[in-house]
Amino acid sequence: MKKIGIIGSGIVAKTLGDGFLKHNYKVMLGSRDESKLNEWKAKGGSHATTGSFADAALFGDIVVLAVKGNVAANAIEEAGPQNLQGKTVIDTTNPIADGPPENGVLRFFTNFEESLLEQLQTRFPEIHFVKAFNSIGNAFMVDPSFKEKPTMFVCGNNDASKMKTNAILEEFGWDIADMGKAAAARAIEPLCMLWCIPGMLHGQWNHAFRLIKA
C-alpha cells in the first residue's frame, strides 16, 4: 500500500488526506500542532496518522505540499529538504498575497517571470515538484461531480514524478493536461485567480476548467 505524506493541516490537506484514504493509501498529515488533527485522525481509521512536517516528509513515498503559498518554502525547510530528496512533491500552493482582491481578482506576490513553483524548485533542486490541485476548490479535488470530466493542468521538470502525479489524478477522476516544465506554472498558478472570480463576484464556486481538443 502506497504511503502519502501531506505537509499541512488545513482544509486542502484534510480533503486530500480523505481522498487518499478513500482510494486506499496510507496517509500522514503533518502539522506544527498535531492536536488540531485529532478529529481527522479518529475519523480516518487505521490508515490515517499524524506527525510533524518532518514526520510526514519521511513517511510519504509521495508528498503533498498543502500550505499557504507565502509559507511554502518555510514549510519545506521545517520538513527537512533532506527528507524529500528525490521524492515527488505535489505542490498545491498558490502565491496569494495578503492584500484584498481587486474587482474579484486575487493578488499574487509573484509575477509572470517566475512562478512560486519555480522559486521552490530553484531553492530545493533535489526535490521533484509537480504543480497540481491549485486551480480547483477543495470541494472538487477528489472525484469531482461534473457533467464532464474536468481538466487538471500540471507541470514540473521531472517526467517520472509527473507520471506518478498523473496516476493519482486519474484515480481521483481527472483528465490531465501536462503543460511541460516548471516554467508553465507561470500560467497554471493564475488559473487560481480565474477560478475564484465567479465566487468573489457572484458567490458561484461550483465550476472547473476543461481543455477541449479538436
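## Buried residues, aromatic pairs and cysteines in a predicted model

Leu84 is found in helix α5, which spans residues 81–84. The model described here is predicted. With a relative accessible area of 0%, Leu84 is buried. Leaving aside neighbours within four places in sequence, Leu84 is in contact with Ile7, Ala57, Val63, Ile76, Ala79, Val89, Glu126 and Ile127. Asp143 lies 59 residues from Leu84 along the chain, and the C-alpha atoms of the two are separated by 28 Å.

### Two asparagines in loops

Asn134 belongs to the loop between β6 (128–131) and β7 (151–154), while Asn94 is placed in the loop between β5 (88–91) and α6 (116–123). Asn134 has a relative accessible area of 4% and is therefore buried. Asn94 also counts as buried, at 10% relative accessibility.

The side chain of each asparagine has a polar atom close to a backbone oxygen. For Asn94, a polar atom of the side chain lies 2.9 Å from the backbone oxygen of Asn134. For Asn134, a polar atom of the side chain lies 3.2 Å from the backbone oxygen of Ile188.

Residues up to four places away in sequence are not counted in the contacts that follow. Asn134 touches Thr92, Thr93, Asn94, Ile188, Glu189 and Cys192. Asn94 is in contact with Gly69, Leu116, Asn134, Glu189 and Cys192.

### Cysteines

How many disulfides does a search of the whole structure find? The search returns 0 disulfides. Cys192, which appears among the contacts of Asn134, is in no disulfide, and the nearest cysteine sulfur, that of Cys196, is 4.3 Å away. Cys196 is likewise in no disulfide, its nearest cysteine sulfur being that of Cys192. The sulfur atoms would have to lie within 2.5 Å to count as a disulfide, so the 4.3 Å separation rules the pair out. Cys192 is buried, with a relative accessible area of 6%, and Cys196 counts as buried at 11% relative accessibility.

### Aromatic residues

The structure holds 5 aromatic pairs. Two of them are set out in the table.

| Pair | Arrangement | Centre to centre | Angle between the planes |
|---|---|---|---|
| Phe20 and Tyr25 | edge-to-face | 5.1 Å | 80° |
| Trp195 and Trp205 | tilted | 5.6 Å | 45° |

Trp195 lies in helix α9 (residues 191–202) and Trp205 in the segment after α9, so their pair ties together parts that are 10 residues apart in sequence. Are these two tryptophans buried or partly exposed? Trp195 is buried, with a relative accessible area of 8%, whereas Trp205 is partly exposed, with a relative accessible area of 34%.

Both Phe20 and Tyr25 are buried. These two residues form one aromatic cluster together with Phe133 and Phe172.

A further ring, that of Phe59, has the charged end of Lys3 sitting over it, 5.2 Å from the ring centre.

Note on methods. Residues numbered from 1 in each chain as written. Predicted model: local features only at pLDDT ≥ 70, side-chain atom pairs only at ≥ 80, totals over all residues. Heavy atoms only, no water. Helix = DSSP H or I, 4+ residues; strand = E, 2+ residues; numbered from the N terminus. Buried < 20%, exposed > 50% of the residue type's maximum accessible area, 1.4 Å probe, protein only. Polar contact = N/O pair within 3.5 Å; in protein donor to acceptor, adjacent residues only side chain to side chain. Contact = heavy atoms within 4.5 Å. Phe/Tyr/Trp six-rings, centres within 6.5 Å; stacked < 30°, edge-to-face > 60°. Lys NZ or Arg CZ within 6 Å of the ring centre and 35° of its normal.
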